[in-house]
Amino acid sequence: MLTATPEFYQAEIAGEAFSLPIIQLDDQRAIALLMVIDMGVRFGDIVGEAIARHFGPFKPDIVVGSATLGIPIAIEVSRRLGKDQYVILQKSPKFHLADAMVEDVRSITTATPQRLLLDRRSITLLQGKRVLVVDDVVATGSSMAAAIRLVRRAGAEVLGAGVILTEGHSWRDALGKDAELIESLGHIPQFDVVDGVATPDPATESGAWPVGAPRLARTASR
Ligand SMILES: Nc1ncnc2[nH]cnc12
C-alpha cells in the first residue's frame, strides 16, 4: 500500500478543531506547525479569551510573553485581563538591551544556542508581582524554563504558564516541578518520519496531562 504524509494534523484548541500543516524538519522529524501569526484575528480572540478566563481568577498582576510568537498572545491575554502593560522577553540583543538580564535557552533541538533577554528597565514592572507567563507552544520546555528563570530573577512569582499547545512530553523533564505551572489549550504529538512518511509517535499522542484533555481545555468548556 502506498502511504504518504497527510497534509494536515487536526488539533483541538480550546475545544475547536484546527488544521495544522505537517512540516518535515529533517529525514527523521516532522511537526504539526502552529504559526500563530498566520492564524488570523479570530484565533487570537479564542486563545486570548480562553487563557484569560482560566487565569483571571488567580489575579495575575502582569503577563510576560517570549518573543516572537508569544508576543501576540501576551497582548491578547493582557487586553482581556484589563492590563495595559505587559513584558516581552526578547531573543536577540537589540542595541538598547546591552544591559539586559540573560538566560540561555538550553535546547537540544536548536543547532544555534539561543538566549532570552529581559530589559532591566522592565524589572520594576515585575518585582514583587504575580506573573502569568504565556507562549505559543511548549515542546522541549527549554524556552519556557528560561522565561520562568528570568521572571524569578526579576523578583516575581510565577503563578502559571498558559500555552496554546503542548507538543509531546519532553517539556516535563526540562521543567521539573515547574511543569505543574503549565496549562494548555490543546496538545499535539511529535512525529517520526519512517520511510519518508511522517507518523505521530504514539507515546506522545496523549494530552498534556494523563487524564484525557488538557486541563485548560477542560476548564474552558465548563
Ligand atoms: N509545532 C510547533 N509549531 C510552532 N512552533 C513550534 N515550536 C516548537 N514546536 C512548534
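**Aromatic pairs and an open sheet**

Student: Is Phe 58 buried, exposed or partly exposed?
Tutor: In this predicted model, Phe 58 has a relative accessible area of 41%, so Phe 58 is partly exposed.

Student: And what about Phe 55, buried or exposed?
Tutor: Phe 55 is buried, its relative accessible area being 2%.

Student: How many aromatic pairs turn up in the whole structure?
Tutor: A search of the whole structure gives three. One of them is edge-to-face and joins Phe 18 to Phe 43, with 5.1 Å from centre to centre and 85° between the planes.

Student: Where do Phe 18 and Phe 43 sit in the chain?
Tutor: Phe 18 belongs to strand β2 and Phe 43 to helix α1, 25 residues apart, so that the pair links distant parts of the chain. Phe 18 is buried at 12% relative accessible area, and Phe 43 is likewise buried, at 2%.

Student: Why is the pair of Phe 55 and Phe 58 called tilted?
Tutor: Because the planes of the two rings stand at 55°, with the ring centres 6.2 Å apart, and tilted covers angles that are neither under 30 degrees nor over 60.

Student: Switching to the sheet, what is the strand order?
Tutor: The sheet is open, has five strands and runs β1-β2-β3-β11-β12 with antiparallel pairing. Strands β1 (8-13) and β12 (197-200) each have a single partner strand, so one side of each lacks a neighbour in the sheet.

Student: How many bridges join β11 to β12?
Tutor: Four bridges connect β11 (residues 191-194) with β12 in an antiparallel arrangement, and Phe 191 lies opposite Pro 200 in β12.

Student: Which strands does helix α1 touch?
Tutor: Helix α1 (residues 41-55) packs on the sheet and touches β1 and β2 (16-24), its direction making about 110° with that of β2.

Technical notes:
Residues numbered from 1 in each chain as written. Predicted model: local features only at pLDDT ≥ 70, side-chain atom pairs only at ≥ 80, totals over all residues. Heavy atoms only, no water. Pairing = 2+ DSSP bridges. Helix = DSSP H or I, 4+ residues; strand = E, 2+ residues; numbered from the N terminus. Contact = heavy atoms within 4.5 Å. Axes fitted to C-alpha atoms, helices over the stretch in contact; angles between N-to-C directions. Phe/Tyr/Trp six-rings, centres within 6.5 Å; stacked < 30°, edge-to-face > 60°. Buried < 20%, exposed > 50% of the residue type's maximum accessible area, 1.4 Å probe, protein only.
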